[in-house]
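Student: I would be grateful for a close look at a single part of this structure. Please take one residue as the starting point and work outward from there.

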Amino acid sequence: MKKSTEEVSALQLDNEDPLSSFRERFVIDNPDLIYLDGNSLGRLPKETIPHIQDLVKNQWGKNLISGWNEGWYEKPTSLGARLAELIGAQPDEVVVCDTTSVNLFKLSAAALRYQQGKKGVVSDEFNFPTDLYIFQGVIDLLGNHHHLEIIKSENSITITDDAVAAAISKDTALVALTQVAFKSAFMYDIEKITAIAHQSGALTLWDLSHSIGAVPLELNKWGADLAVGCTYKYLNGGPGSPAFLYIRKDLQEKLSSPIWGWFADQDPFAFKLDFSPTKGISRFQISTPHILSMAGIEPALELLQEAGMERIREKSIRQTEYLIYLAEKNLIPLGFQIGSPLDSTQRGSHVSLRHREAYRICQALINPEKNDTSLRVIPDFRAPDNIRLGIAPLYTSFSDIHRAVDRLQDIIQKKIYQNYSSDHLKVT
Ligand SMILES: *Cc1c(COP(=O)(O)O)cnc(C)c1O
């Protein structure tokens, strides 16, 4: 069959792509499965398989408990130090532990208790639900003396710096935002917002779950105070791999974790009866590290560092622009809208396409009928009408993007989505 001009140019873009060889470093065994959900769960790097096997077979299997004295005990901080490079922090400002939600709890509670007298918490309506739930819970736990102010968007895609500035006052204790919004992919300028927050004496807490591994981060340079993020999205650490937390060096000893676990003590193995928090970032650890779940982060980090965040970002921008270009040409006429910022400096690494039949369209992409096509496209659906297409530059190809848009076009033009139910599944 003759290839369309668009198809040829997708192949050409892949040929010219300096990062194209990284795709082979991931397990991709079905060429007819286009995975555009690396922003929810990253793909499996090939190297992760022997790495985890070695850990289980040789370290756990043979070393048994002495593994704790052969690197396991320090793993949260040694891995944190490596992760710090990726976010522009010092090696002793990051620890890998717990989950993003738990780390949000620890850092937001600590920040509010430190900011005595200030009662405002500022966030936005784009934030991930768990973030907002955690802040509501912390406020409740601290006796309901604080108030959570949610900045609203005027266009459901972006939020202006002015809107953030207007929400912050001398009473604001904490500005807690997700840098890249999970629905629209709108991206804040951390440096600017941090400066605005600091003018009023507020601390900032950044959720980097949709940023790490996708956009270059310079937390020190930008003056960021606190940050958290997960490692199973663009970082490719594997399902349920632990999260990280960052605390600017000079704040570490001023803050106190609300959870006093033994791994935050000066000497966990002294088994004393009274808690005395250790110095440094480990005072925000809680308990026995998740050695197996952390293991996937190491080979994944290596891939990102080898490719380099600047090159990854450059490819990500070219790919989201290519996707938006194809969508404007072929999908807007079919009733889609672009649900992400068109300005790439304000956009993370996914693109949301909105359509009133988004749910059924997603079902048709994910579960094609046998007599229709063997091509499966995996995006994800975010209520009420977003189809999120995640671009993970290490393994997403331009051809993937082209084929996915082609398939979307077919699903509408041939009314394929009408064969699907609009009853929602539990995990979308
Ligand atoms: C994915 C994500 C989370 C996930 O939190 P868990 O505690 O790992 O379930 C939290 N916040 C944001 C912004 C996310 O994108």
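Tutor: The account below begins with Arg 388 and then turns to its surroundings and to other parts of the chain. The model is a predicted one.

Arg 388 belongs to strand 13, which comprises residues 386-390. Its relative accessibility is 1%, and because buried means under 20%, Arg 388 counts as buried. Two polar contacts involve the side chain of Arg 388. One joins it to the side chain of Asp 380 at 2.7 Å, and the other runs to the backbone oxygen of Phe 182 at 2.8 Å. Arg 388 also has a partner that is remote in sequence: Val 351 is 37 residues away along the chain, yet the two C-alpha atoms are separated by 5.8 Å.

The loop between strand 12 (380-382) and strand 13 contains Asp 385. With a relative accessibility of 16%, Asp 385 counts as buried, since the value is under 20%. The side chain of Asp 385 makes a polar contact of 3.3 Å with the side chain of Arg 354. Leaving aside residues up to four places away in sequence, Asp 385 touches Leu 353, Arg 354, His 355 and Ala 358. Pro 384 is found in the loop between strand 12 and strand 13 as well, and the peptide bond that leads from Ala 383 to Pro 384 is cis, with omega near 0°. As general background, most peptide bonds are trans.

Ala 358, touched by Asp 385, is among the buried residues of helix 12. This helix covers residues 358-366, and nine of its nine residues are buried, so helix 12 is largely enclosed by the rest of the structure. The buried residues include Arg 360 and Gln 363, together with Tyr 359, Ile 361, Cys 362, Ala 364, Leu 365 and Ile 366. What covers them includes strand 11 (376-378), strand 12, strand 13 and helix 13 (398-413). Strand 13, the strand of Arg 388, is thus part of the cover of helix 12.

Phe 182 provided a backbone oxygen for Arg 388, and the next residue to consider is Ser 184. Ser 184 is in the loop between strand 5 (172-178) and helix 7 (190-199). Its relative accessible area is 3%, which means that Ser 184 is buried. A polar atom of the Ser 184 side chain lies 3.1 Å from the backbone nitrogen of Phe 186. Apart from residues up to four places away in sequence, Ser 184 touches Phe 126, Ser 156, Ile 157, Gly 339, Ser 340, Pro 341, His 350 and Ser 352.

One of these contacts, Ser 156, merits separate mention. Ser 156 lies in the loop between strand 4 (147-151) and helix 6 (161-167). At 36% relative accessibility, Ser 156 counts as partly exposed, whereas Ser 184 is buried. The phi angle of Ser 156 is near 60°, a positive value in a residue other than glycine. Asn 236 likewise has a positive phi, near 65°. This residue is located in the loop between strand 7 (226-229) and strand 8 (244-247), and its relative accessible area of 4% makes Asn 236 buried. In general, most residues other than glycine have a negative phi.

The ligand forms a further topic. Among the residues surrounding the ligand are Thr 99, Thr 100, Ser 101, Phe 128, Asp 131, Asp 207, His 210, Tyr 232 and Lys 233. Three side chains place a polar atom by an oxygen atom of the ligand: that of Lys 233 at 2.5 Å, that of Ser 101 at 2.6 Å, and that of His 210 at 2.9 Å.

Lastly, a pair of helices may be described. The axes of helix 1 (residues 5-15) and helix 11 (residues 309-330) come within 13 Å and cross at roughly 175°. Angles over 145 degrees count as roughly antiparallel, and helix 1 and helix 11 are therefore roughly antiparallel to each other. In their contact, Glu 6, Ser 9, Ala 10 and Leu 13 of helix 1 meet Tyr 322, Leu 326, Lys 329 and Asn 330 of helix 11. By class, this contact has four nonpolar, two polar and two charged residues.

Terms used
Residues are numbered from 1 along each chain as its sequence is written. This is a predicted model: local features need pLDDT of at least 70, side-chain atom pairs count only at pLDDT 80 or more; totals for chains, interfaces and linings use all residues. Side-chain values use heavy atoms; hydrogens and water are left out. Helices (H or I, at least four residues) and strands (E, at least two) are DSSP runs, numbered from the N terminus. Buried means under 20% relative accessible area, exposed over 50%, partly exposed in between (1.4 Å probe, protein chains only). A polar contact is a pair of N or O atoms within 3.5 Å; within protein, one must be able to donate a hydrogen and the other to accept it, and residues adjacent in sequence count only if both atoms are side-chain atoms. Axes are lines fitted to C-alpha atoms, for helices over the stretch in contact, and angles run from 0 to 180 degrees between N-to-C directions. Angles under 35 degrees count as roughly parallel, over 145 as roughly antiparallel, 65 to 115 as roughly perpendicular and the rest as oblique. Contact means heavy atoms within 4.5 Å. Ala, Val, Leu, Ile, Met, Phe, Trp, Tyr, Cys and Pro count as nonpolar, Asp, Glu, Lys and Arg as charged, and the others, Gly among them, as polar. A residue is near a molecule or strand if one of its heavy atoms lies within 4 Å of it.
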